[in-house]
Amino acid sequence: MSDDPSRKVDISRRHFLSSLGAVGLGLLLPGAAAAAKGRPDEELVSLHDLSKCVGCGACVEACREANGHKFPEPVKPFPAMYPDSVKVEDWSGKRQVTDRLTPYNWLYIQTARGQYQGQRFEIHIPRRCMHCQNPPCANLCPWGAAAREDNGIVRIDDKICLGGAKCKTVCPWEIPMRQTGVGLYLKLMPKYAGNGVMFKCDRCADRVAEGRKPACVEGCPYGVQDFGPRSEMVAKAHALARNTGGFIYGETENGGTNSLYVSPVPFGTLDAAATTGPGKPHLSPVRDMMADETKLAYAALFAPVAGVIAGALRLGSRLAGGGTGGAQKPEPEAKPSAKPASMDAKGGHADIETLAPPKPPRQDFELSLGDDSGEAKSPKPGQGKGGAK
């Protein structure tokens with residue numbers, strides 16, 4: 001072993017940050033507090049066999065039907081925002097859009113067409129939140145509005161979210177989408193205190209809490225998705241990839257996610273062939289965003305503040321009547337770590353975002369609380385494409 005003093009300092013610093021991160025992520029972070037209590041059950045994982053998907057859209061319709069009561073109902077006219085550069089994001093007039101992610105469409109079918117090994121392919125990929133094991137959105141939300149549950153579901157609390165879009169900025173796939181004119185900010189300081197609520201797939205947390213599978217899993221007529229404990233689904237993914245010569249995505253991306261894909265075509269090839277951009281996530285490799293020491297230390301140190309803010313916002317939400325202005329039906333309280341019963345087989349400014357050119361794959365993000373406008377920072381160039389076999 002080397003006696004280099006600089007090496008000793010580096011080890012010491014890493015050990016300190018690792019310890020700090022373990023305490024912060026296990027005890028303090030709003031998105032990881034449950035980890036400190038231990039997980040009596042495994043995280044639940046969705047496994048997608050892309051060789052079976054025909055792009056029929058049944059999963060999309062099932063998702064919309066099951067979660068429609070959670071969709072936002074904005075109050076208009078929208079309050080003037082300060083500064084004037086803060087954009088209104090209104091999808092309420094485009095609720096039927098299904099070819100991308102929106103606050104009213106939490107799942108869509110991404111299609112990639114091209115050639116691989118001299119043969120043409122057409123692969124359909126159901127896309128929604130990846131439900132990361134160590135989600136930056138939950139760890140770095142300044143309001144504590146995003147959280148990860150014991151069963152692996154990552155959710156945004158629409159009762160306290162102020163629509164600052166930090167979750168979207170730090171998400172490697174820029175999944176969460178904002179709807180202006182709903183949420184707690186309207187009852188606080190509408191001109192200054194936010195810009196709506198962020199929405200994304202919550203993997204049918206209410207259904208899962210009842211021991212059922214997500215609607216998209218049950219609604220697929222071709223058995224594209226399987227749903228069960230992580231160890232079981234990872235084993236099935238590797239067996240499927242091994243038996244078919246396929247490729248896996250989601251097992252290691254961003255340190256690991258609870259959405260796994262197995263494809264007969266490399267994901268780098270799919271990413272190059274698919275349309276990506278706003279509301280249409282990429283399929284390129286993603287390193288573990290929370291492995292960076294600076295981000296880990298920041299998250300651990302800021303978590304107590306975020307926790308206090310979240311508590312204050314929840315109290316304020318209750319006093320103000322709560323709700324986003326969109327949840328028309330009461331949602332059952334989610335029960336962490338619930339297992340499914342069976343484990344077998346816009347009006348206006350939103351157009352600006354829709355027409356924006358595709359962005360290069362996100363490999364990193366700049367950590368900052370200085371701009372919660374919802375505009376994602378320019379990603380750094382990717383480090384190449386390809387699927388993990």
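How much accessible surface does the chain have, and what share of that surface belongs to carbon and sulfur atoms? The accessible surface comes to about 16700 Å², and carbon and sulfur atoms account for 56% of that area. Keep in mind as you look around that this is a predicted model. Of the 389 residues in the chain, 53% are buried. The fold is built from 10 helices and 10 strands.

Let's begin with helix 2, which covers residues 58-67. Its buried residues are Cys59, Val60, Ala62, Cys63, Arg64 and Asn67. If you are curious about what lies over them, the cover includes strand 2 (108-116) as well as helix 6 (215-219).

Strand 2 is a good element to follow next. It pairs with strand 3 (residues 119-127), and the two run in the antiparallel sense over 9 bridges. To pick out one rung of this ladder, find Gln115, whose bridge partner in strand 3 is Arg120. Strand 2 and strand 3 form a hairpin with 2 residues between the strands, and there Gln117 takes a positive phi near 55°.

Now go back to the loop that links helix 2 to strand 2, where you will find Lys70. Is this lysine buried or exposed? Lys70 has a relative accessible area of 6%, and because the cut-off for buried is under 20%, Lys70 counts as buried. Its side chain has polar partners: one polar contact, of 2.9 Å, joins the side chain of Lys70 to that of Asp202. Another, of 3.2 Å, joins the side chains of Lys70 and Asp206.

Those two aspartates bring us to another part of the chain. Cys201 sits in the loop between strand 7 (197-199) and helix 5 (205-209). Why does Cys201 count as buried? Its relative accessibility is 6%, so Cys201 falls under the 20% limit. Which residues does Cys201 touch, leaving aside those up to four places away in sequence? They are Trp106, Arg128, Cys129, His131 and Val154. For a view of how the fold brings distant parts of the sequence into one region, take Cys201 and Ile156: 45 residues separate them in sequence, while their C-alpha atoms are 9.1 Å apart in space.

To retrace the route, helix 2 has buried residues covered in part by strand 2, and strand 2 pairs with strand 3. The loop between helix 2 and strand 2 holds Lys70, whose side chain makes polar contacts with Asp202 and Asp206.

Technical notes. Residues numbered from 1 in each chain as written. Predicted model: local features only at pLDDT ≥ 70, side-chain atom pairs only at ≥ 80, totals over all residues. Heavy atoms only, no water. Buried < 20%, exposed > 50% of the residue type's maximum accessible area, 1.4 Å probe, protein only. Helix = DSSP H or I, 4+ residues; strand = E, 2+ residues; numbered from the N terminus. Contact = heavy atoms within 4.5 Å. Areas by Shrake-Rupley, 256 points an atom, 1.4 Å probe, with all protein chains shown as cover. Polar contact = N/O pair within 3.5 Å; in protein donor to acceptor, adjacent residues only side chain to side chain. Pairing = 2+ DSSP bridges.
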